Amino acid sequence: RVHPRYNVLKNTGRTSCSNPNFQQLPREGDIRSMFQAEKDNTFIITDYSSIELSTLAQVLYSKYGENEMQKRINAGEDLHTYYASVLYKVPVEEVTKGQRQSAKAANFGFPGGLGIGTFIEFAEGYGLKLTEGDAQEMKDAWFEAFPLMKKYLQGEEGSVETLTGRKRANTTYCQEKNTPFQGLAADGAKLALYELIKNNFKVVGFVHDEIICEVHKDDADMKLTEQENIMIDSMKHVVPDVGVSVESTISKEYCK
């Protein structure tokens, strides 16, 4: 058995991990498949779907009221596909897989206040090679898709507070813009951890927005539904006005 050590409250509100760092296992090779459930057991691996976009929409709602991000999430729309349709000026149903993938860079990069230069570096992780003009075009289209974000990203106070009441002082601009929604997602996930443990789930791994529990293989289907319901209900305590969804995998080995 491997017993990682978790630091449960970083400045962002998130959790770090060490000895070994289970939260940053490489996807390449067979590293992740080395982590396996005991004999006759299996893992239920459940992660929140784009949860930091849901928490961002909640922050916008709490500050300004109804917003485009909230409206589209609650309608069951995919924000990556929607933004790609705005960026590439095509109908939503004609957005390609590659266009949607490139949209992720903007949806995950711009909310935290990345500038053009930093965004160009960030976008490389999504397979994009951008000029300054390309990056500016993506940012302009992103503000067109989510106009309230221009207001959200204005100004700098030097400190910030999450909707759950945690304060963070001496923040940089990006920390101040990133913490409200990243910290909210972290708080909701920790509520889910608490509720799962309280309901006798054996939690064996935690990777930011993903929780891994170990159950007997014969109970997996029943437990999967229960685990998903607990995780959604827990997150809704901190995200009451925006939709929350999860995705699950049943697997003998860690495979996400």
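This text goes through one helix packing and several salt bridges in a predicted model.

Two packed helices are described by the angle between their axes and the distance between the axes. Here the pair is helix α1, residues 51–64, and helix α8, residues 173–198. Their axes lie 8 Å apart and make an angle of about 120°. Angles of 65 to 115 degrees count as roughly perpendicular and those over 145 as roughly antiparallel, and α1 and α8 are therefore oblique to each other. The crossing of α1 past α8 is right-handed.

On the α1 side, the contact is made by Ile 51, Glu 52, Thr 55, Leu 56, Gln 58 and Val 59. Their counterparts in α8 are Pro 180, Phe 181, Gln 182, Leu 184 and Ala 185. Sorted by class, the contact of α1 with α8 comprises seven nonpolar, three polar and one charged residues.

Glu 52 also leads to the salt bridges. Side chains of opposite charge can pair when their charged atoms come close. The structure contains 13 salt bridges, and one of them joins the side chains of Glu 52 and Arg 14, at 3.9 Å from N to O. Arg 14 sits in the loop between β1 (5–7) and β2 (16–18) while Glu 52 belongs to helix α1, so this pair ties together parts that are 38 residues apart in sequence. Arg 14 has a relative accessible area of 25% and is therefore partly exposed. Glu 52, at 23% relative accessibility, also counts as partly exposed.

Helix α8 takes part in a salt bridge as well, through Asp 187. Its partner is Arg 166, and the closest N and O atoms of the two are 3.1 Å apart. Arg 166 is in the loop between β4 (159–161) and β5 (167–169), and Asp 187 is in helix α8, so that the pair links distant parts of the chain, 21 residues apart. With a relative accessible area of 22%, Arg 166 is partly exposed. Asp 187 has a value of 12% and is buried, because buried means under 20% relative accessible area.

Some salt bridges share partners: Glu 68, Lys 71, Arg 72 and Glu 77 are joined in this way into one network.

A further salt bridge pairs the side chains of Lys 39 and Asp 40, at 3.6 Å from N to O. Lys 39 has a relative accessible area of 70% and is exposed, whereas Asp 40, at 31% relative accessibility, counts as partly exposed.

Terms used
Residues are numbered from 1 along each chain as its sequence is written. This is a predicted model: local features need pLDDT of at least 70, side-chain atom pairs count only at pLDDT 80 or more; totals for chains, interfaces and linings use all residues. Side-chain values use heavy atoms; hydrogens and water are left out. Axes are lines fitted to C-alpha atoms, for helices over the stretch in contact, and angles run from 0 to 180 degrees between N-to-C directions. Helices (H or I, at least four residues) and strands (E, at least two) are DSSP runs, numbered from the N terminus. Angles under 35 degrees count as roughly parallel, over 145 as roughly antiparallel, 65 to 115 as roughly perpendicular and the rest as oblique. A crossing is left-handed if the near helix is turned anticlockwise from the far one by less than a right angle, and right-handed if clockwise. Contact means heavy atoms within 4.5 Å. Ala, Val, Leu, Ile, Met, Phe, Trp, Tyr, Cys and Pro count as nonpolar, Asp, Glu, Lys and Arg as charged, and the others, Gly among them, as polar. A salt bridge is a side-chain nitrogen of Lys or Arg within 4 Å of a carboxyl oxygen of Asp or Glu. Buried means under 20% relative accessible area, exposed over 50%, partly exposed in between (1.4 Å probe, protein chains only).
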